[in-house]
Amino acid sequence: VSAAVVVPCFNEAQRLQAGELLRLADAGLLLWLVDDGSTDRTRDLLEALRTQRPASVRVLALQPNQGKAEAVRRGLVAALGQADVVAYLDADLSTPVDEVFRLLEALDEPGKQAALGSRVARAGAAIERRAARHLAGRAFATAASAVLGEPFYDTQCGAKAFRATAELRSALGEPFASRWAFDVELLGRLLREGVPFSAFVEVPLRSWRDVKGSKLGPVAMARAAADLLAISRRLARWGRR
Ligand SMILES: Nc1nc2c(ncn2[C@@H]2O[C@H](COP(=O)(O)OP(=O)(O)OP(=O)(O)O)[C@@H](O)[C@H]2O)c(=O)[nH]1
Ligand SMILES: [Mg+2]
């Protein structure tokens, strides 16, 4: 199976870990690095990676900054034609590279179309999230699963993989209305396209950590909550049709 991994990058010059990212390329995956209108040296760093692995690294440069939702969507659309499986991964590697391989393995199970990293704090795993973020994240995830009408445990993890199906293509057909809760919108769109809940699998991560330099503050979190309401209304409207 060929797989492509989209990494959205906005001013990531400080956090980018070239060596780790290249492990994906060296494992035979196609890397789609999306520069989301960065104003630091991100673009140069991404181009340098492409020069190092011309066969397995692509750079998509968006200008000006579009936001993570659009950066991920554009990357996935670009990757769709070239791979059987497309994934995305936060540039700060809060979710380590090795977990991507576990997501891809989960998609090998018959009938699975989407594998979602799930930050389940549990014995035997190292899920390091500050208490406040953990609580805010749990509250958000609970609301998100209510909106979707299915018991997803963690909609917001920045690592997800999908089979490149016609349903995915339609779900990515137009920009997300939500800038901050686009993961929820994407899952909602897939369900709406007829992907059964049983085709999703959440993979409890072995390791995840908060990486310093997050650009998501309380304001963005409030916006994400507001986005949830809007997504809920849109899904309800669609349900009535
Ligand atoms: N904040 C932000 N991130 C962007 C944007 N465009 C792309 N990204 C990427 O989105 C990913 C997540 O950004 P982070 O700043 O780490 O967000 P975070 O607060 O850690 O959020 P979580 O990891 O989802 O908890 C990174 O790969 C960013 O480079 C943008 O416009 N704003
Ligand atoms: Mg992060």
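The following paragraphs describe the largest pocket, the ligand within it and the largest cavity of a predicted model.

In this predicted model, local features require a pLDDT of at least 70 and side-chain atom pairs a pLDDT of 80 or more, whereas totals for chains, interfaces and linings use all residues. Residues are numbered from 1 along each chain as its sequence is written, chains are lettered from A and ligands numbered from 1 in the order in which they are written, and side-chain values use heavy atoms, with hydrogens and water left out.

The largest pocket (an open set of points, on a 1 Å grid over the protein atoms alone, with protein on both sides within 12 Å along at least five of seven lines) holds about 960 Å³ of space, a volume being the space filled by probe spheres set on grid points that are joined across faces, edges and corners. Its lining, made up of residues with an atom within 4 Å of a point, comprises 37 residues, of which Lys68, Asp90, Arg133, Trp180 and Leu216 lie nearest the centre of the pocket. Two or more lining residues are given by each of strand 1 (3-9), helix 3 (68-80), helix 5 (131-148), helix 7 (182-192), strand 9 (207-209) and helix 8 (218-240), where helices (H or I, at least four residues) and strands (E, at least two) are DSSP runs numbered from the N terminus. Helix 5 provides the largest share, four residues. By class, the lining contains 16 nonpolar, seven polar and 14 charged residues, with Ala, Val, Leu, Ile, Met, Phe, Trp, Tyr, Cys and Pro counted as nonpolar, Asp, Glu, Lys and Arg as charged, and the others, Gly among them, as polar.

Ligand 1 takes up the space of the largest pocket, the criterion being that more than half of its atoms lie within 2 Å of the grid points. It is surrounded by 17 residues (each with a heavy atom within 4 Å), and the closest are Pro8, Glu12, Asp36, Arg133 and Ser214. This shell divides into five nonpolar, three polar and nine charged residues. Among the polar contacts (pairs of N or O atoms within 3.5 Å), an oxygen atom of ligand 1 lies 2.8 Å from a polar backbone atom of Ala91, and one is 2.9 Å from a side-chain N or O atom of Asp92.

The whole structure has one cavity of 30 Å³ or more, a cavity being a set of grid points where a 1.4 Å probe fits but cannot get out. Residues lining the largest cavity include Gln113, Phe162, Arg163 and Leu190.

Notes
Polar contact = N/O pair within 3.5 Å; in protein donor to acceptor, adjacent residues only side chain to side chain.
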